[in-house]
Amino acid sequence: MARESSNFAQDTSTEEPEEQPVYVIDVKAFEASGRSFPYALYSRLCWRGHCQVCEGQDRKPPVNLGSSTEYLKVISTECSREPDFLLPGTPITEAVFRLLLANGNKPMTLQELQSGLTAAWASVIYLKNLSDEVLRRMLDQQNEYFIVRGTRKK
């Protein structure tokens with residue numbers, strides 16, 4: 001009796017699994033809209049961050065804003081560690097914007113964003129819906145933060 005072949009074909013394809021989309025702030029689009037990216041960063045600095053960037057200026061806002069790179073560094077090293085950097089009442093898109101800033105605007109996957117939000121909001125009794133579907137839908141549409149799908153450099 002001849003042996004029948006299995007109905008289940010083995011997957012012998014060499015295709016790599018589809019990469020998860022990553023998200024990043026499109027700084028060029030932000031600036032092209034007439035908004036100042038350095039000011040957006042400056043306005044999100046914590047007290048210690050303001051002290052660092054305003055040295056020698058009597059702690060007043062600078063007349064000429066510094067570089068985005070400087071502000072990103074201060075946000076990621078100082079401000080992101082402050083308990084009020086990402087409060088539970090923060091709207092999700094603003095929270096994602098802050099997470100990307102804290103990460104130096106390096107691309108982040110949905111899972112990385114979810115993990116960051118969940119960690120920041122761990123003490124909340126009623127956690128916001130942070131499912132893949134909800135986050136993807138929010139971030140894939142045009143938003144005031146210019147968060148877009150990006151690519152990860154290998």
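**Exercises on a predicted model**

Thr-93 is buried in this predicted model, its relative accessible area being 15%.

**Exercise 1.** Determine in which helix Thr-93 is found, and which residues Thr-93 touches when those up to four places away in sequence are not counted.

*Solution.* Begin with the secondary structure, where Thr-93 falls within helix α5, a run covering residues 92-102. Next, take the accessibility: because buried means under 20% relative accessible area, the value of 15% places Thr-93 in that class. Finally, list the contacts, which, once residues up to four places away in sequence are set aside, are with Met-138, Asn-143, Tyr-145 and Ile-147.

**Exercise 2.** Work out which parts of the chain are tied together by the salt bridge between Glu-94 and Arg-44, and state whether these two residues are buried or exposed.

*Solution.* The first step is the distance, since the side chains of Glu-94 and Arg-44 meet in a salt bridge at 2.9 Å, N to O. The second step is to place the partners: Glu-94 belongs to helix α5 whereas Arg-44 sits in the loop between α2 (37-42) and α3 (47-53), so the pair joins parts that are 50 residues apart in sequence. As for accessibility, both Glu-94 and Arg-44 are buried. A last step widens the view, for Arg-44 and Glu-94 are linked with Arg-98 in a network of salt bridges.

**Exercise 3.** Describe the salt bridges that Arg-137 forms with Glu-133 and that Asp-140 forms with Arg-149, adding the accessibility of Glu-133, of Asp-140 and of Arg-149.

*Solution.* Start with Arg-137 and Glu-133, whose side chains meet at 3.3 Å, N to O. Both residues lie in helix α7 (residues 132-140), and their spacing of four residues amounts to about one turn of the helix. Glu-133 counts as exposed because its relative accessibility is 56%. Turn then to Asp-140 and Arg-149, whose salt bridge has an N to O distance of 2.9 Å; here Asp-140 is partly exposed at 39% relative accessible area, and Arg-149 is likewise partly exposed, at 46%. The full count of salt bridges comes to six.

**Exercise 4.** Characterise the largest pocket by its volume and by the residues of its lining.

*Solution.* The volume comes first, with about 180 Å³ of space in the largest pocket. Its lining consists of 11 residues, those nearest the centre being Val-24, Ile-25, Val-27, Gly-104 and Asn-105. Sorting the lining by element shows that β1 (22-25) and α4 (68-77) each supply at least two residues, while the largest share, three residues, comes from α4. Sorting by class instead gives six nonpolar, four polar and one charged residues.

Technical notes
Residues are numbered from 1 along each chain as its sequence is written. This is a predicted model: local features need pLDDT of at least 70, side-chain atom pairs count only at pLDDT 80 or more; totals for chains, interfaces and linings use all residues. Side-chain values use heavy atoms; hydrogens and water are left out. Buried means under 20% relative accessible area, exposed over 50%, partly exposed in between (1.4 Å probe, protein chains only). Contact means heavy atoms within 4.5 Å. A salt bridge is a side-chain nitrogen of Lys or Arg within 4 Å of a carboxyl oxygen of Asp or Glu. On a 1 Å grid over the protein atoms alone, a cavity is a set of points where a 1.4 Å probe fits but cannot get out, and a pocket is an open set with protein on both sides within 12 Å along at least five of seven lines; lining residues have an atom within 4 Å of a point. Grid points are joined across faces, edges and corners, and a volume is the space filled by probe spheres set on the points. Ala, Val, Leu, Ile, Met, Phe, Trp, Tyr, Cys and Pro count as nonpolar, Asp, Glu, Lys and Arg as charged, and the others, Gly among them, as polar.
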